[in-house]
Structures are given as C-alpha cells and as structure tokens.
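Thank you all for coming; I would like to use these few minutes to walk you through one model. Please have the sequence and the structure open while I talk.

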Amino acid sequence: MKILVALKQVPDTESRIKVAADGRSLDPADVKWITSPYDEYALEEAIRIKEAKGAEVVALSVGTDAAKDVLKNALALGADTAVLLKGDGQGDAFAVAQMIAAYVKDKGFDLILCGNKGLGGDNAAMGPMLAELLGVGQANVVVKLELGEGTFSAERETDGGSELVVGALPAVITAQKGLNEPRYASLKGIMAAKKKTIEELDAAPAVAGAQVSALALPPERPAGRKLEGEPAAQAQALLQALKDEAKVF
Amino acid sequence: MILVFCELKDGQLRKPSAEALSEGRRLADASGKQLGALFVGASCAGAADAAKYGADVILTAEGGTLASYSSDAFAQVVADAVKAKGATVLLAAATAVGKDVAPRAAARLAAGYASDATALSIVDGKLQAVRPVYAGKAFATTSFASAFQVATTRPNVFPAAEKAGAGAVEALAAPTGDFKAVVKEILAKAGGKVDLSEANVIVSGGRGMKDGANFKLLEEFADAIGGVVGASRAAVDAGWGLPHSMQVGQTGKVVSPTLYIACGISGAIQHIAGMSGSKFIVAINKDPEAPIFKLASYGIVGDLFEVVPELTKAAKAMGIGSN
Ligand SMILES: Cc1cc2nc3c(=O)[nH]c(=O)nc-3n(C[C@@H](O)[C@H](O)[C@H](O)COP(=O)(O)OP(=O)(O)OC[C@H]3O[C@@H](n4cnc5c(N)ncnc54)[C@H](O)[C@@H]3O)c2cc1C
Ligand SMILES: Cc1cc2nc3c(=O)[nH]c(=O)nc-3n(C[C@H](O)[C@H](O)[C@H](O)COP(=O)(O)OP(=O)(O)OC[C@H]3O[C@@H](n4cnc5c(N)ncnc54)[C@H](O)[C@@H]3O)c2cc1C
C-alpha cells in the first residue's frame, strides 16, 4: 500500500497578523510557521496504517524552501520519503490541487490523506479538488477510517451528526480532530530523519482560479459594557439591554 | 445565470439555502442576471419553496441513484447544470454537504473557489468574495480569474429575505450509478434542535462549568431564550461526556449567531476563531481580566452558578422565549 500525505505550512494561530505593504498578503515578520494541525492527523493516520498493515508513506508539500521544515518533521514522525513541489508561494487551492495531481498521476498511490482545511486559509478545498482532478472518491472531515481490500469506510462529521461514507481506493480522505491522537517525534526518529533527503521537484505548471486581492484587519468591535450589581440585577439588566439596545429578542 | 445549490430537510428548504438564494437574488439583480435554484436527490418535493426567495428557475435532478449522498455524483450533476444553463456563478451554503460538493464541482469547472464567504459582490462581471481568514484576525477579498466562479456562504450571515420569483420548474437527468464514494449510513442525527452553525442564539460553557452535569443550567437558560448549547474545547476534552459536535472554535464549529453567551470561557484565540463573527457577545466570567471581555458587547463579572439561574428566571419572567 502506498500513501501520500499532503502537508501545508501555515502561520501558528497565536501569531500576530499584520498586512504586508502590498495590501494583499501576510507580513511574515512575526509569524511562527507550523504544520497545519489537521495535516498532523492525516500524517498520524498514515503512520498507523503503516504500522498495522505495512505501507509506504510519502509526505508532500507545495511551497518554497521554508516548507522543508514541515517535511523534516514528517520524516521524523515516520514518513518514509518526503517531496517538496517547489513553486513561487503564490496560487490557490485549485493550483495546488493541479500540482499535486500532476505529481500523483501514475505513481500508484492507494490513498491520499489531507487535512480537512488548511489552518488560517480555511478553504477546505484542496482535498475535494484533488479528488475530482484524479477522478477518485472522497470523504471529508473524517473522524474514523477503516480500509478493506481496495475499499475504504469513513465516518465523517456532518451538521450536528455523522455519516458513514464507503467507496473504492484510491481515494482522498481529509482528516478532522478525533481521527487519532498524533504522536510526538522521538529522538530516534529525529536522528533517522537527519539522514534522509527531501526530494525537490519543480511543481507542474498550474492555473489558479482565484487569488486574494486584498487582506484587511477586521473592524474593531465597539467597546462593551459591564453590568453591575447583584446576580439578579445583573441578569435583569442584561436581558433588558439585549431586548432594548441590541434588539436580539 | 447565478445558480444556487439548495438543500432540503424533511421536504423543506434549509435556512442556510434560503440565505444563499436571497444573496443570489441580490447579485442577480445587481448584474441583470437570472437566479436558478438547483436541487439534487431521490425526491425534490419542497423545491418550489425556492421561488419564495427569488428563484426564476428551479432545476431538479431527481432519481433513485441520488438517494444517498455521493460527492462525485452530486458534483457531476451540479457542474453539468452550471454548464447547461450557462451559469457563471455557483453558490451553495457552507453546510456539511455544501462544503463537500462545491469545491469538487469547482474543480470540475476549472473554477476558483471561496469558502465561507461573509460578503459577495459582482465586480466587472465577476464574483468577488470577502471571507474571514487567520482565525478571524483578518478578512481576505477573493477575486476570480476563472470563467466560472464558485463560493459557499456562511450560515447566519446573509439575511433570508422573501421575494417572489417565477420559479419555473425544469427537470434534469440523474446520473446512472457507479459512483466512487457514497454515504452508506447516517450514524448520528442532529436531533430536533438546530445545529450550532445555524443557530441564532448560542449559550456556551467552558471549563468554568466544572462538570458536565452542570450543563443542565445552560440547557435551561438556552431553552428559555430559544438558544442552543455549545462548549469550549476544554469542556469537550474534560471527559464530561460532551460530544465534539458541541465544540466551538478553530477545531470545532465556526458559528455566527446573533447572540453568543460565553459562560466560564476565558476567550483563548482558538475559541475566538470560532465565534468572533457573532453579532453580540456576552461574557459571564468571575475573572474581570479574562480576555473574553475584550470582545464582549455585555459583560457580567460574577459566578456563573449564581448568574445563569437568575438569567433563566428573568428570561421566563420577561417571557423572552415565547415571542
Ligand atoms: C507554489 C505554491 C506555493 C504555496 N505556498 C504556500 C505557503 O507556503 N503557505 C501558504 O499559506 N500558502 C501557500 N500557497 C497557497 C496555497 O497553498 C493555499 O493552499 C491555498 O491558497 C488554499 O489554502 P487553504 O489553507 O485554504 O487550503 P485548504 O483547501 O483548506 O487545504 C486543505 C488541505 O489541502 C492540503 N494542502 C493545501 N495547501 C497545500 C500545500 N501548499 N501543500 C501541501 N498540501 C496542501 C493540506 O492537506 C490541507 O490540510 C502556495 C501556493 C502555490 C501555488
Ligand atoms: C491547535 C489548538 C486548537 C484548539 N481549538 C480549540 C477550539 O476549537 N475551541 C476551543 O474552545 N479551544 C480550542 N483550543 C484550546 C484553547 O487554547 C483553550 O485552551 C480553551 O479554549 C480554553 O477553554 P476554556 O475557556 O473553557 O477554559 P479556561 O481557559 O480554563 O477558562 C475557564 C474560565 O472560566 C472562568 N470561571 C471558572 N469558574 C467560574 C465560575 N464559577 N463563574 C464564572 N467563571 C468561571 C475562569 O475565570 C476562566 O476564565 C485549541 C488549542 C490548540 C492548541
């Protein structure tokens, strides 16, 4: 079995967000870069499948040299090989899907694991787009995955519930919190990863469908009001304000 | 044409779909286009509702092969309808199904895609979408280069405004089986209550609730004001028996109710990522320095175990939930 895991490098949520001088991108000055957390569930699942029934796990990221950190970490955690598809750092989920589809084609992958969304960008689009370009099935926001002979069965979260999706392999599965509990890299893993090289390839040409044309900070929320007094008075004042001022009720 | 992929629940148009249709109507008027509503499934009874929200044309792809949801089948039907009707803009509500089918249909149309839009417009004949990014700490304007443009609308953001449309019904052919992946079984249902992502009023509890059983206090208050109960990750992860579907935040639900009441929640950035789109935020916390107060329209510094029961009492006395 051959598994591809797509990992995206993203800004840590705690990072301060500043808009760059171009008015449409993120000022990278104070940004700490991490692997998108959902992609960690995807990688962990691949490693668990490898441990349970044997598999070759390829970690892949589309990005610039900076994305090598994500791949080094993936190697330390247990990926067998790592591939960086080099681009100029521009493009949308559709462009990334085309690049990954061009790489995947004819390589015999049985399973492609992604995060259900890239932290921060949050489009939740790359996985389904890749599945369509490859002409394979998909299951998104998956919290439980089981593989059969050439088949998969996945539990996915829906609006307030869950459903079981079944289909044929190869398929694209996007991971959600709850799928597993990702491990930390062991010292042994980190040492072993140092000996491995990251394969660097030029990303195939791709056409983006969309682009970010402006990035802006949200408007300040108007200053709030504290309600004073005993609990009963506070409760009364709150509901009155929600009714009269906010007109919620 | 602007085409909106719509969902039915128990034979009725889902509210997020009505919102997407209303926004589609507004865009269609602004750009002199027709509005189409597309329904896909074993039965599309109830599709006529789309006319109430301005649909000029109602397309129905009905058939036994579409009884169970399949992302590849639905994406095929949707993309084919877009092409057949000469639509350039495709919208869907950002629901579990909408977010599953729209990006796949977009790839089929070689289109760009914007998820969870909070504002839409037509600029130079093309769609433009504004959407929150980086945990709500910024808003990105997405512009499209592609001939087709696809976006999902965030529930509870666009008003569902009734406006009569012609609603001429037209049937589309359903595809003939052999799908790559299909829903085999519904494992858990939302139950009678509306889902958090569609709720207009949410009462959420955090670690300050101390125990799962205490969520009963929130249930009672929520019932009194017509709300739904949510939770922070700390509460969901505490082993109190709260399901992950209740979690609000970066790794849970992103919600945008009119009113969000946070009880015993400190206001960590990952929690805020899920609720900063709320119109009014109320914080109830015993720590006056809790970061949640920075966001709160109204704050109560106090012990939630004293305040929440008073709120329930006062809400009942004022007859709030009953109108
Ligand atoms: C050559 C090139 C380099 C880029 N480099 C970066 C970058 O360094 N940082 C950045 O923020 N954006 C980068 N982008 C933008 C692009 O990667 C974004 O993925 C896209 O805009 C959608 O972001 P999202 O988080 O909403 O994706 P989503 O659709 O939410 O992502 C869903 C899942 O798809 C996979 N995925 C998404 N993007 C990538 C990727 N670049 N590599 C591997 N897997 C991925 C992950 O598994 C992710 O969990 C690059 C684009 C191109 C064309
Ligand atoms: C990758 C990642 C993803 C995450 N995703 C999410 C997510 O999706 N959602 C989420 O919520 N968190 C998420 N978190 C966790 C987040 O960082 C916080 O740990 C969490 O939100 C804290 O929950 P809390 O506010 O309930 O608990 P705490 O931070 O412990 O706050 C409890 C609050 O209750 C107050 N309190 C205590 N007793 C009372 C009382 N009797 N009356 C009134 N107030 C009282 C306290 O003053 C305190 O402010 C994530 C973290 C990471 C690293």
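Let me begin with a term: by a salt bridge I mean a side-chain nitrogen of Lys or Arg lying within 4 Å of a carboxyl oxygen of Asp or Glu. Counted in that way, the structure, which I should say at once is a predicted model, holds 34 salt bridges over all chains. The reasoning behind such a count is familiar, since side chains of opposite charge can pair when their charged atoms come close.

One of these lies within chain A, where the side chains of K86(A) and E200(A) meet in a salt bridge with an N to O distance of 3.1 Å. The two residues are 114 residues apart, K86(A) belonging to strand 5 (residues 81-86) of chain A and E200(A) to strand 11 (residues 198-202) of chain A, and the pair thereby links distant parts of the chain.

Turning to the interface, how many residues of chain A are in contact with chain B? There are 75 on the side of chain A, and they are in contact with 83 residues of chain B. Between them the two chains bury about 6,700 Å², and 57% of that buried area is on carbon and sulfur atoms. Five salt bridges are counted between chain A and chain B, and among them is the one that R104(B) forms with E132(A), in which the closest N and O atoms are 2.9 Å apart. The count of residue pairs in polar contact between the two chains, with both residues at pLDDT 80 or more, is 45.

As for which parts of chain A supply this surface, the elements that each give at least two residues to the side touching chain B are helix 4 (126-134), strand 7 (137-147), strand 8 (151-157), strand 9 (162-168), strand 12 (210-216), strand 13 (225-226) and helix 6 (231-244). Helix 6 of chain A gives the most, with eleven residues. By residue class, the side of chain A that touches chain B divides into 37 nonpolar, 22 polar and 16 charged residues.

Next come the ligands, beginning with ligand 1, which is surrounded by 28 residues, the closest being A6(A), K8(A), D39(A), Q90(A) and G118(A). Several backbone atoms approach this ligand: a backbone N or O atom of Q9(A) lies 3.5 Å from one of its nitrogen atoms, a polar backbone atom of D122(A) is 3.3 Å from an oxygen atom of ligand 1, and a polar backbone atom of N123(A) is 2.8 Å from an oxygen atom of ligand 1. Taken alone, ligand 1 exposes 900 Å², of which the protein buries 91%. Strand 4 (56-63), helix 3 (93-104) and strand 6 (111-115) of chain A are the elements that give two or more residues to this shell, and strand 4 of chain A gives the most, with four residues. The shell around ligand 1 divides into eleven nonpolar, eleven polar and six charged residues.

Ligand 2 has 26 residues around it, of which R207(B), S232(B), T251(B), S266(B) and N285(B) come nearest. Here side chains enter the picture, in that an N or O atom in the side chain of Q247(B) is 2.8 Å from an oxygen atom of ligand 2, while one in the side chain of D303(B) is 2.9 Å from a nitrogen atom of ligand 2. There is also a backbone N or O atom of G252(B), 3.4 Å from an oxygen atom of ligand 2. On its own ligand 2 has 990 Å² of accessible area, and the protein covers 78% of it. Helix 5 (233-237), helix 6 (269-275) and helix 7 (304-318) of chain B each supply at least two residues of the shell, which divides into six nonpolar, 14 polar and six charged residues.

Finally, two points of backbone geometry in chain A. L169(A) and P170(A) are joined by a cis peptide bond with omega at about -5 degrees, and P170(A) is found in the loop between strand 9 and strand 10 (171-175) of chain A. D106(A), in the loop between helix 3 and strand 6 of chain A, has a phi near 65 degrees, a positive value in a residue other than glycine.

Notes. Residues are numbered from 1 along each chain as its sequence is written. Chains are lettered from A and ligands numbered from 1 in the order in which they are written. This is a predicted model: local features need pLDDT of at least 70, side-chain atom pairs count only at pLDDT 80 or more; totals for chains, interfaces and linings use all residues. Side-chain values use heavy atoms; hydrogens and water are left out. A residue is near a molecule or strand if one of its heavy atoms lies within 4 Å of it. A polar contact is a pair of N or O atoms within 3.5 Å; within protein, one must be able to donate a hydrogen and the other to accept it, and residues adjacent in sequence count only if both atoms are side-chain atoms. Accessible areas come from the Shrake-Rupley method with a 1.4 Å probe; for residues, only the protein chains shown count as cover. Ala, Val, Leu, Ile, Met, Phe, Trp, Tyr, Cys and Pro count as nonpolar, Asp, Glu, Lys and Arg as charged, and the others, Gly among them, as polar. Contact means heavy atoms within 4.5 Å. Buried area is the accessible area (1.4 Å probe) that two parts lose on being put together, summed over both.
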